[in-house]
Amino acid sequence: MSLGLQLRLSLLFTAMLYLGPLVSGIGRHDLPVLPSFAALFVMWTMVMRPAQWPQDRAGWSDGAAILRVAATVATQILLVAALFIVGRAIGGMLPAAPVISEAVAIAISLLAIPFSRLTLDPAKIAFAHGFLDEVPEELAIELEGQRADRLVAPFFRLPDDTDEVELMKRLVDLAPSLTSAALLDALDRRIRAEPSPCIAARRALILQATSVAAADTCPGRAEPVRALRIAGTDRTLLRLLALRLQSLLAQRPQAQDDCPTVPVLRAAVVRAKAPAGLPFELGRAA
């Protein structure tokens, strides 16, 4: 199960924890039910956030640890009370109290604990009040990658002869939603996975990899070198790359170290059996 799916399921099961006291309030149960929910909420933190609790006897003698535990317990009690009050307010607007037994309301919160634990390993992902609090780098990268994959998917449905103006417009539209690095990684990942040539997507990658935005935000990543790999032996793509690199270096000479060298470009031209010569002299000396 991917981390992204684990996260979604955990949010669902944690919502069940919150639903218990809310439903209890809607059912207009008596106040003595609150300690049961408070105990369940505290138990949830012990299971899903063990780092908040002392791990040995010595830990319980540490004043800072005791204060942290007290704050955790107090927070859970207040959360239960708030949910119960909101439920009471909702129930008060109903013409008659719904028939909801206390056992059912408590069972909803109780089941959230084993379900949450089975779904997520608390050592890898920590939650606070049902929301993500500490995002491991692995999870953050996976979620960003999945989002980028969705956003670049339309490029792979475009005709091969889609003009550069249309491709640039689509790339500019994605700028507020994706970094150049994430966009290029997603395009590259999908291109390598697709059995078809994906000419429009390849051209989009070349356009983005040789853009001023990529040069400014992705220094050291050698994105133009990646673009050369994507161009392969396609003469049209190689010519587009060469022209784009000429424009890029005219605006950002400092991007030279991220660009393919002249010998590397010439070798690509030879492999493509293109006419000899490049439209300009590029890159650092061999």
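**Close-up 1. I90 and its nonpolar surface patch in the predicted model.** I90 counts as partly exposed, because its relative accessibility is 31%. The residue belongs to helix α3, which spans residues 63–92. Together with V86 and M93, I90 makes a nonpolar surface patch. The area of this patch is about 290 Å².

**Close-up 2. The buried side of helix α12.** Helix α12 covers residues 262–271. Its buried residues are V262, L265, A268 and V269. These four span an arc of only 125° around the axis, so they sit on the same side of α12. An α-helix has 3.6 residues a turn, so residues three or four places apart point the same way. The cover over the buried residues of α12 includes two other helices: α10 (223–231) and α11 (235–251).

**Close-up 3. The other side of helix α12.** Here V270 and R271 are exposed. By contrast, V269 is among the buried residues of the helix.

**Close-up 4. D258 in the loop between α11 and α12.** Is D258 buried or exposed? D258 counts as buried, because its relative accessibility is 16% and the cut-off for buried is under 20%. Which residues does D258 contact, leaving aside neighbours within four places in sequence? They are C218, P219, G220, R221, A222, E223, P224 and V225. One of these partners is reached by the D258 side chain: the backbone nitrogen of G220 lies 3.0 Å away. R226 is 32 residues from D258 along the chain. The C-alpha atoms of D258 and R226 are separated by 9.7 Å.

**Close-up 5. A222, a non-glycine residue with positive phi.** A222 lies in the loop between α9 (212–217) and α10. Its phi is about 50°, although A222 is not a glycine. A222 counts as partly exposed because its relative accessible area is 23%. A222 is also one of the contacts of D258. This view therefore links the α9–α10 loop to the loop between α11 and α12, with A222 and D258 in contact.

**Close-up 6. R28, another positive phi outside glycine.** Where is R28 placed? R28 is in the loop between α1 (3–26) and α2 (34–48). The phi of R28 is positive, at about 60°. R28 counts as partly exposed, because its relative accessibility is 33%.

Definitions and conventions
Residues numbered from 1 in each chain as written. Predicted model: local features only at pLDDT ≥ 70, side-chain atom pairs only at ≥ 80, totals over all residues. Heavy atoms only, no water. Buried < 20%, exposed > 50% of the residue type's maximum accessible area, 1.4 Å probe, protein only. Arc of directions from axis to C-beta. Contact = heavy atoms within 4.5 Å. Patch = residues over 30% accessible without salt bridge, like charges linked within 9 Å, V, L, I, M, F, W, Y side chains within 5 Å. Areas by Shrake-Rupley, 256 points an atom, 1.4 Å probe, with all protein chains shown as cover. Salt bridge = Lys/Arg side-chain N within 4 Å of Asp/Glu carboxyl O. Polar contact = N/O pair within 3.5 Å; in protein donor to acceptor, adjacent residues only side chain to side chain.
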